[in-house]
Amino acid sequence: MKIALYPGSFDPVTLGHYDVICRASKLVDRLIIGVLKNTNKNALFSEEERVEMIRTLTKDLPNVEVASFHGLTVDYAKERGARFLVRGLRAVTDFEYELQMAQTNHKIAPDIDTLFFTTSVQYAYVSSSIVKEVASYGGDISGFVAPEIVPLVYEKYHITNGEKEHGQQQN
Ligand code: PNS
């Protein structure tokens, strides 16, 4: 059984993440989405909220499981029997960090390989940080996150639908 772990912060999950999840889920028998537990106090969503959001999005993907973890990604992969790590590559700017991480992970866990998915071109510029930046000013994030996620992000910035339409920020 081929099991892969897709680790990340997912704060929040974007359409780019979702694209990678759908594609990776077709390649393996089981895909575990591992949400890294908050080490960063500046995270917008709690780990429970992030897990819940991804569960909502992946409810129709039967071989996808969502869980949170702390510590080293490779340790969690071993604990879950995952032989592969999944990561998305958007642009050359991601490459250096991703290469370093994949090589470090492979050095400390030689049995685990990282599979990279090049993000579909329409999501190449989408990141969780961009979503937060745009949403914090009441901008339109409907092209970046799934419809179910949009109001949850605005809610964090105390922006109602009406205010969003006028591009206003309340706090
Ligand atoms: O979505 P992100 O923030 O780019 O994901 C980064 C993540 C969670 C994959 C990475 O920070 C990670 O694996 N953290 C856990 C600690 C670890 O194993 N670090 C890798 C050794 S370089």
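Here are a few questions and answers about this predicted model.

Residues are numbered from 1 along each chain as its sequence is written, and side-chain values use heavy atoms, leaving out hydrogens and water. Since the model is predicted, local features need pLDDT of at least 70 and side-chain atom pairs pLDDT 80 or more, while totals for chains, interfaces and linings use all residues.

Me: What radius of gyration does the protein chain have?
Reply: That's taken over C-alpha atoms, and the globule rule is 2.2 Å times the number of residues to the power 0.38. With 171 residues, a compact globule would come out near 16 Å, and the chain agrees with that at 16 Å.

Me: Which element supplies the largest share of the largest nonpolar core?
Reply: A nonpolar core is a set of buried (under 20% relative accessible area, 1.4 Å probe, protein chains only) Ala, Val, Leu, Ile, Met, Phe, Trp, Tyr and Cys residues joined through side-chain atoms within 4.5 Å. The largest one has 39 residues, and I33 is among those with the most contacts inside it. Several elements each supply at least two residues, including β1 (3-8) and β2 (30-36). The largest share, 5 residues, comes from α1.

Me: Is L99 buried, exposed or partly exposed?
Reply: L99 sits in helix α4 (residues 92-108), helices being DSSP runs of H or I, at least four residues, numbered from the N terminus. Exposed would take over 50% relative accessible area, and partly exposed lies between that and the buried limit. L99 has 32% relative accessibility, so the label is partly exposed.
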